[in-house]
Amino acid sequence: MPTAVWASLQMSETDTSKKLDRLNSQYNNLQNSVSNINHTVNNQINGISNRVEEILKAQNALTADYGTQLIAG
């Protein structure tokens, strides 16, 4: 194989390797971003769930107090 063709193939292979490395890096960055979003959303859902639970407990306590007042009244 002529030297010029061989050099051209090697350069092409190097460029392809660099592009694949860049794509792999971008994929890893995207995967990390999605993981961070997933973590944040899960934290928000847990916070909302905890708050709803607190509200329902408070509502049950108020209902129980109101029922006790009706029976005593």
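Author: About 6700 Å² of the protein chain is exposed, and carbon and sulfur atoms supply 58% of that area. The model is a predicted one.

Reader: How many helices and strands does the secondary structure of the protein chain come to?

Author: The count is one helix and zero strands. The helix is α1, covering residues 3–72.

Reader: What percentage of the residues count as buried?

Author: A residue is called buried when its relative accessible area is under 20%. In this chain of 73 residues, 0% meet that description.

Reader: How should I read a nonpolar surface patch, and which residues make one here?

Author: A patch takes residues with over 30% relative accessible area and no salt bridge, and nonpolar side chains are joined within 5 Å. Here I37, V41 and I45 make a patch of about 260 Å².

Reader: Take I37 from that patch. Where does I37 lie, and is I37 buried or exposed?

Author: I37 lies in helix α1. Exposed means a relative accessible area over 50%. I37 has 55% relative accessibility, so it counts as exposed.

Reader: Now the charged side chains. How many salt bridges does a search of the whole structure find?

Author: A salt bridge needs a side-chain nitrogen of Lys or Arg within 4 Å of a carboxyl oxygen of Asp or Glu. The search of the whole structure finds two. One of them joins the side chains of R51 and E54, with 3.2 Å from N to O.

Reader: How many residues apart are R51 and E54?

Author: R51 and E54 are three residues apart, about one turn of the helix, and both belong to α1.

Reader: Why is R51 classed as partly exposed?

Author: Partly exposed is the class between the buried and exposed cut-offs, from 20% to 50%. R51 falls there because its relative accessible area is 48%. E54, at 46%, is partly exposed as well.

Reader: What is the N to O distance in the salt bridge of E53 and K57?

Author: The side chains of E53 and K57 meet at 3.4 Å, N to O. These two residues also lie in helix α1, four residues apart, which is about one turn of the helix.

Reader: How do E53 and K57 read on the accessibility scale?

Author: E53 has a relative accessible area of 40% and is therefore partly exposed. K57 has 53% relative accessibility, so K57 counts as exposed.

Definitions and conventions: Residues are numbered from 1 along each chain as its sequence is written. This is a predicted model: local features need pLDDT of at least 70, side-chain atom pairs count only at pLDDT 80 or more; totals for chains, interfaces and linings use all residues. Side-chain values use heavy atoms; hydrogens and water are left out. Patches are made of residues with over 30% relative accessible area and no salt bridge: like charges are joined within 9 Å, nonpolar side chains (Val, Leu, Ile, Met, Phe, Trp, Tyr) within 5 Å. Accessible areas come from the Shrake-Rupley method with a 1.4 Å probe; for residues, only the protein chains shown count as cover. Buried means under 20% relative accessible area, exposed over 50%, partly exposed in between (1.4 Å probe, protein chains only).
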